[in-house]
There are 2 protein chains.
Amino acid sequence: VKDLNLAQVSIIGLGLMGGSLAGALHDHCRIIVGVARRQETIDVAVKRGLVDHAALDLSAGVREADAVILATPVRTILSLIDRIGPLLKPDCLLMDLGSTKSPIVERMALLPEHVQPLGGHPLCGREVSGIDAADPRLYRGKPFVLTPLSRTSVDAMAMGVALVEAVGANPMLLDAQRHDHLLALVSHLPYLVSCALVATARKSALADPLVWATAASGFRDTSRLASSNVTMMTDILLTNRQDVLAALDAYGAQLSVLKRLLVDGDERGLRSLLTALCDERDSAYRQPS
Amino acid sequence: VKDLNLAQVSIIGLGLMGGSLAGALHDHCRIIVGVARRQETIDVAVKRGLVDHAALDLSAGVREADAVILATPVRTILSLIDRIGPLLKPDCLLMDLGSTKSPIVERMALLPEHVQPLGGHPLCGREVSGIDAADPRLYRGKPFVLTPLSRTSVDAMAMGVALVEAVGANPMLLDAQRHDHLLALVSHLPYLVSCALVATARKSALADPLVWATAASGFRDTSRLASSNVTMMTDILLTNRQDVLAALDAYGAQLSVLKRLLVDGDERGLRSLLTALCDERDSAYRQPS
């Protein structure tokens, strides 16, 4: 099947990302099948009309699929890739939504020849998780990175692009290593930055319980990512460790520059840098993204 | 005048904070007078009905006032305190909205005896600034710190509390030094954390222009404070330098703990800490604040 409209799409993992994808794809495929570990998740997915069918059993859920999308934490994706090959039809597209692409693409390269692998990562998300937070509009207008392998066929790539466009996202072709380097900077680092901020407040709150009472909207937004799903983030950090550590070092260097200006009371230098950063951010977010 | 309803309130500085305060106080005072440096600001404030009258001249704007509120950047507040005393009526309440309280309260202690000083700091704000962003609802439901001096009279304190309640905020009495220590942690530190994040992205973007194209909502929120008004923030950082530097050190230590866990690949330790931080933040924001 080359046409998405005629395809059965099976989505493995019905959390925020998988559940939202199921809902968004619903009217663009012949049939959407969901696979989840817990019966309650399946019940919600069916009740909300996000999937046509759902199964607890991986084999049953993917047997007839023309495209399978792995929407679990990264290390679960890796182990699914290892065992899903023999369960798939010839030329079945196997995509994923994982936030670290190099290890996934490396593992996909080992799949049986009859499978068509394609790495994927939608650049959207929220700090909430689970099927209850699923929203079919989640992907609209957002970049959706695709990391094809050298073995990925033209047809499989076309199906992947059609799938991305069907959910309203914008396909963005990117090399897996470049993706991981970039995401360490713009996503994995901000998560750790948020966590360190909460850790600082948490420790200070032991000495002064008013810490949380005085934390206003600025703190809330800067610390928002610390509320992300821990299993998802642990997998990301451990599978993108080198890039994340490099990003942490780059961040530490910038923090030191700011600290030095403050220690020196260098008003002119401080004002000049803060102005440049304010302008940089404002112009970045003024551009349509 | 002891009754806010019968009072003339003059607000010096009609930016986001002053303009919003004027609008919020409008129906709770006899008359609201605004003082701004630029005629365009005055025109907007009058046109939007935020003030009854407005003046470019400080002396004319505060001469008849029963309460004067300084709503400028911190170092402008300090210089206004130095020269406003002789311009004020006996028992006039002099408040401010500055984000660093110790230097302001120290300077207020030197005011002529006929003036009633009271430090103030509403714990709200936005990264936008200027009269166009003014919103009379800005203070509703937010904590509003008051830092009385030993010389502040009971009547002046009561007027300050009435003013805070009139704009819908919740008065929170706090010692100036404790305020500055807390705000360094929950407000000034998050600003620098955001700035360092933008600085890291900015430097990385020189090597890979896709940095900004891949920055999604997580980066946007974590970096939001970097778009704050630079003059306001420079004044805050330079007038709360010791507390901010201590907060930066505390933050650096927490970032190092996270880095160490990642360097060691200590999955159990990492997951345990990330879970504790996620829980801490969630429970802090679940409480009514």
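This report describes a predicted model with chains A and B, covering the interface, one helix, the nonpolar core and one buried residue.

## The interface between the chains

Chain A contributes 81 residues to the contact and chain B contributes 82 residues. Between them the two chains bury about 7,900 Å², and 67% of this lies on carbon and sulfur atoms. The polar side of the interface includes 31 residue pairs in polar contact between chain A and chain B, both residues being at pLDDT 80 or more.

On chain A, the elements that each supply at least two residues to the side touching chain B are helix 7 (176-207), helix 8 (211-214), helix 9 (217-222), helix 10 (230-239), helix 11 (241-263) and helix 12 (267-286). Helix 7 of chain A gives the most, with 20 residues. By residue type, the side of chain A that touches chain B divides into 48 nonpolar, 16 polar and 17 charged residues.

The rule also finds 10 salt bridges across the interface of chain A and chain B. A salt bridge joins the side chains of B:Lys259 and A:Asp249, with an N to O distance of 2.6 Å.

## Helix 10 of chain A

Eight of the 10 residues of helix 10 of chain A are buried, so the helix is mostly covered, where buried means under 20% relative accessible area. The buried residues are A:Val230, A:Met233, A:Thr234, A:Asp235, A:Ile236, A:Leu237, A:Leu238 and A:Thr239.

Their cover comes from both chains: it includes helix 4 (74-84), helix 5 (102-108), helix 7 and helix 11 of chain A, together with helix 11 (241-263) and helix 12 (267-286) of chain B. At the start of helix 10 of chain A, a side-chain oxygen of A:Asn229 comes to within 3.2 Å of the backbone nitrogen of A:Thr231.

## The nonpolar core

In soluble globular proteins, nonpolar side chains tend to be buried together. Here the largest nonpolar core has 138 residues, and those with the most contacts inside it are A:Val68, A:Tyr251, B:Val68 and B:Tyr251.

Leaving aside residues up to four places away in sequence, B:Val68 touches B:Ser10, B:Ile12, B:Val62, B:Ile84, B:Leu88, B:Cys92, B:Leu93, B:Leu94 and B:Met95.

## A buried aspartate

B:Asp96 lies in strand 5 (residues 93-96) of chain B. B:Asp96 is buried because its relative accessible area is 0%, and a residue counts as buried under 20%.

The side chain of B:Asp96 reaches two backbone nitrogens, that of B:Gly98 at 2.7 Å and that of B:Gly120 at 3.1 Å. Beyond four places in sequence, residues that B:Asp96 touches include B:Leu70, B:Ile77, B:Lys101, B:Leu118 and B:His121.

Terms used
Residues numbered from 1 in each chain as written. Chains lettered and ligands numbered in written order. Predicted model: local features only at pLDDT ≥ 70, side-chain atom pairs only at ≥ 80, totals over all residues. Heavy atoms only, no water. Core = buried A, V, L, I, M, F, W, Y, C linked by side-chain atoms within 4.5 Å. Buried < 20%, exposed > 50% of the residue type's maximum accessible area, 1.4 Å probe, protein only. Contact = heavy atoms within 4.5 Å. Buried area = accessible area lost by both parts, 1.4 Å probe. Salt bridge = Lys/Arg side-chain N within 4 Å of Asp/Glu carboxyl O. Polar contact = N/O pair within 3.5 Å; in protein donor to acceptor, adjacent residues only side chain to side chain. Helix = DSSP H or I, 4+ residues; strand = E, 2+ residues; numbered from the N terminus. Nonpolar A, V, L, I, M, F, W, Y, C, P; charged D, E, K, R; others polar.
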